[in-house]
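I opened this one to see how the cysteines pair up and what lines the main pocket. My notes follow in the order I looked things up.

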Amino acid sequence: MAEAAQGRVQAAVESAVQGLERDQIRAMQGAMFRCSARCCEDAAASMQEVQRCIERCHAPLARAQAIVTAELEHFQDRLSRCSLQCSDQAKDALDSGGSEPRVRGQLDACLATCGEQHLRLVPAMAKKMRDGLANIQQ
């Protein structure tokens, strides 16, 4: 049961990130490469000026990647904390004399609940990332 929930969460996160990449990040990558190419076309610019120009072109994409990475890390941290809480509850139940098969079932149910709760958070996380990326593009 927990593995199924984990698979659904993973699929939802991957789908959200793929949508962001397709709808927003790819356009930013194209703009970055076009901007960088224009930097290189300036024959009068020094090597340092061209390098600074290219770095400016890369900055929006770097900010976009930082936004996506931070949100995914935050989501993963929350999911990990939920899973750790389930593990702690299972350990406590075993320590207080609970039977292993029963505790294992409770752990599985708890982990599945974590997965379902976090599955509901994916759309809000994706919206937050979309909004952050849209602010960079403006």
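Before sorting any pocket residues, I fixed my classes: Ala, Val, Leu, Ile, Met, Phe, Trp, Tyr, Cys and Pro go down as nonpolar, Asp, Glu, Lys and Arg as charged, and the others, Gly among them, as polar. I also noted at the top of the page that this is a predicted model.

**Entry 1, the pocket**

I sorted the lining of the largest pocket with those classes and got 9 nonpolar residues, 5 polar and no charged. The volume of this pocket comes to about 300 Å³. I counted 14 lining residues, and Q6, V9, Q10, Q76 and L79 are the ones nearest the centre.

Which helix gives the most to the lining? I found that α1 does, with 6 residues. I also see that α1 (2–41), α2 (47–95) and α3 (100–119) each put at least two residues into the lining.

**Entry 2, disulfides**

How many disulfides does the structure hold? I get 4. Numbering the bonded cysteines in sequence order, I wrote the pairing down as 1-4, 2-3, 5-8, 6-7.

I went to C35 and C57 to start, and their sulfur atoms sit 1.9 Å apart in a disulfide. This pair links distant parts of the chain, with C35 in helix α1 and C57 in helix α2, 22 residues apart. I read -60° about the S-S bond, and the link is left-handed. Are these two cysteines buried or exposed? C35 is partly exposed, at a relative accessible area of 21%, while C57 is buried at 6%. I jotted down the cut-off here, because buried means under 20% and C35 falls in the class between buried and exposed.

**Entry 3, the α2 to α3 links**

I then checked C82 and C114, a disulfide with its sulfur atoms 1.9 Å apart. C82 lies in helix α2 and C114 in helix α3, so this pair ties together parts that are 32 residues apart in sequence. The angle about the S-S bond is -85°, and I noted the link as left-handed. C82 is buried, with a relative accessible area of 15%, and C114 counts as buried too, at 2%.

Next I looked at C86, which a disulfide joins to C110, S to S 2.0 Å. Here C86 is in helix α2 and C110 in helix α3, so parts 24 residues apart in sequence are tied together. I get a torsion of about -75° about the S-S bond, so this disulfide is left-handed. C86 is buried at 2% relative accessible area.

**Entry 4, α3 itself**

I wanted the helix that holds C110 and C114, so I pulled up α3. I count 20 residues in α3, and from first C-alpha to last the helix reaches 28 Å, close to the 28 Å expected at 1.5 Å a residue. Which residues of α3 are buried? My list reads V103, C110, A112, C114, G115 and H118. For the margin, I added that an α-helix has 3.6 residues a turn, so residues three or four places apart point the same way.

**Entry 5, C40**

Last, why is there no bond at C40? I found the closest cysteine sulfur in C39, 6.4 Å from the sulfur of C40, which is too far for a bond. I also have C40 down as exposed, at 52% relative accessibility.

Note on methods: Residues numbered from 1 in each chain as written. Predicted model: local features only at pLDDT ≥ 70, side-chain atom pairs only at ≥ 80, totals over all residues. Heavy atoms only, no water. 1 Å grid on protein atoms, 1.4 Å probe; cavity = no way out; pocket = protein on both sides within 12 Å on 5 of 7 lines; lining within 4 Å. Points joined across faces, edges and corners; volume = space filled by probe spheres on them. Expected span 1.5 Å × (residues − 1). Buried < 20%, exposed > 50% of the residue type's maximum accessible area, 1.4 Å probe, protein only. Disulfide = S-S within 2.5 Å.
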